[in-house]
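Trainee: Could you walk me through this one before I get back to the bench?
Mentor: Gladly; let us open it and go through a few places in turn.

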Amino acid sequence: MKILIIATDFSSTAKNATSYAMDMAQALQAEVLLLHIYPLPVNYGDTAVPAGLVDWEKRTEDGLAGFKKQLEQRTGGQVKVNTELRMGNFLTELGTVCDRVQPYAVIMGCKGTTAAERFLFGSHAISAMKHLAWPVITVPLEAKFKAVKKIGLACDLQDPEATVPLDEINQLVTDFNASLHILNTGEQTYDPQAVFMSGWLGKKLRNVRPSFHFIEGNTDDAILSFAERNEVDLLVVLPHRHNIWDALIHRSHTKQFVLHSHIPLMALHDHEQPVNTSSKV
């Protein structure tokens with residue numbers, strides 16, 4: 001059974017991502033794990049847990065139970081919802097749960113309506129996309145789930161044999177019965193190496209019959225612009241696998257790319273990649 005983990009803090013951003021995830025779960029016939037992670041209190045050490053924290057945990061658990069009931073009613077009981085409350089570092093705890101559950105994807109909001117929400121969700125979303133060794137989908141505040149008919153894959157086509165997770169891409173496209181659009185950007189629209197490697201990649205992905213698009217222009221702007229113009233439903237990037245993500249993630253406006261995208265973004269990761277809890281956004 002496929003499992004979607006929804007990382008939530010009950011904000012408007014998180015609630016929208018939850019609605020998106022519930023609809024996706026219904027489309028995939030998947031289960032949902034509603035996960036809330038709260039930070040370790042700064043004054044908590046060897047002393048006993050403060051009574052106020054115990055009361056807060058009980059209220060949060062009750063809130064999760066109530067939210068679970070609402071979500072199950074939303075789908076008429078067609079989607080099973082489990083809940084979990086954890087305390088500690090967000091990325092570490094999320095990685096621990098993922099290793100145990102082995103989710104199809106982690107789904108979370110990526111921007112908020114307030115400065116605090118933008119800071120928290122921006123930081124957590126970018127950190128998870130960069131370092132979590134499991135698929136992560138970040139959902140913009142205004143995004144609503146609809147049938148995933150077009151999947152975009154940002155790929156530099158320099159060494160697809162080493163950089164493109166063929167099995168994961170094939171499975172993703174097949175699960176949604178979608179069309180696959182491979183997006184290559186560069187300083188020139190015609191790159192002989194990219195054209196040659198697109199032939200190799202096309203053969204490897206022939207079961208899902210990908211379309212190739214060679215886009216000229218600034219990497220992140222060009223990808224997002226193309227995806228929006230062509231009504232791509234889900235845009236996939238490959239952290240740790242190719243140069244396009246490196247260009248996006250290391251430039252000063254990386255946060256703007258993630259936080260300002262109007263399209264849900266999916267980061268596919270190598271399950272061998274460890275969670276780096278010491279990394280900064």
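**Ser 11 and helix α3**

Mentor: Keeping in mind that this is a predicted model, we can start with Ser 11, which sits in the loop between β1 (3–7) and α1 (12–28).

Trainee: Is Ser 11 buried or exposed there?

Mentor: Ser 11 counts as buried because its relative accessible area is 9%, and the cut-off for buried is under 20%.

Trainee: And which side chain does Ser 11 make a polar contact with?

Mentor: The partner is Asp 9, whose side chain is joined to that of Ser 11 by a polar contact of 2.8 Å.

Trainee: Switching topic, how many residues does α3 have?

Mentor: Helix α3 covers residues 90–101, which makes 12 residues, and from the first C-alpha to the last it reaches 16 Å, close to the 16 Å expected at 1.5 Å a residue.

Trainee: What happens at the two ends of α3?

Mentor: At the N-terminal end Asn 89 acts as the cap, with a side-chain oxygen 3.1 Å from the backbone nitrogen of Leu 91, while after the helix comes Gln 102, which has a positive phi, near 55 degrees.

Trainee: Which residues of α3 are buried?

Mentor: Among them are Leu 91, Leu 94, Val 97, Cys 98 and Val 101, and Glu 93 is also one of the buried residues. An α-helix has 3.6 residues a turn, so residues three or four places apart point the same way.

Trainee: And the whole chain, what does its secondary structure come to?

Mentor: The protein chain has 10 helices and 10 strands, and of its 281 residues 50% are buried.

Conventions
Residues are numbered from 1 along each chain as its sequence is written. This is a predicted model: local features need pLDDT of at least 70, side-chain atom pairs count only at pLDDT 80 or more; totals for chains, interfaces and linings use all residues. Side-chain values use heavy atoms; hydrogens and water are left out. Helices (H or I, at least four residues) and strands (E, at least two) are DSSP runs, numbered from the N terminus. The expected span of a helix is 1.5 Å times one less than its number of residues. Buried means under 20% relative accessible area, exposed over 50%, partly exposed in between (1.4 Å probe, protein chains only). A polar contact is a pair of N or O atoms within 3.5 Å; within protein, one must be able to donate a hydrogen and the other to accept it, and residues adjacent in sequence count only if both atoms are side-chain atoms.
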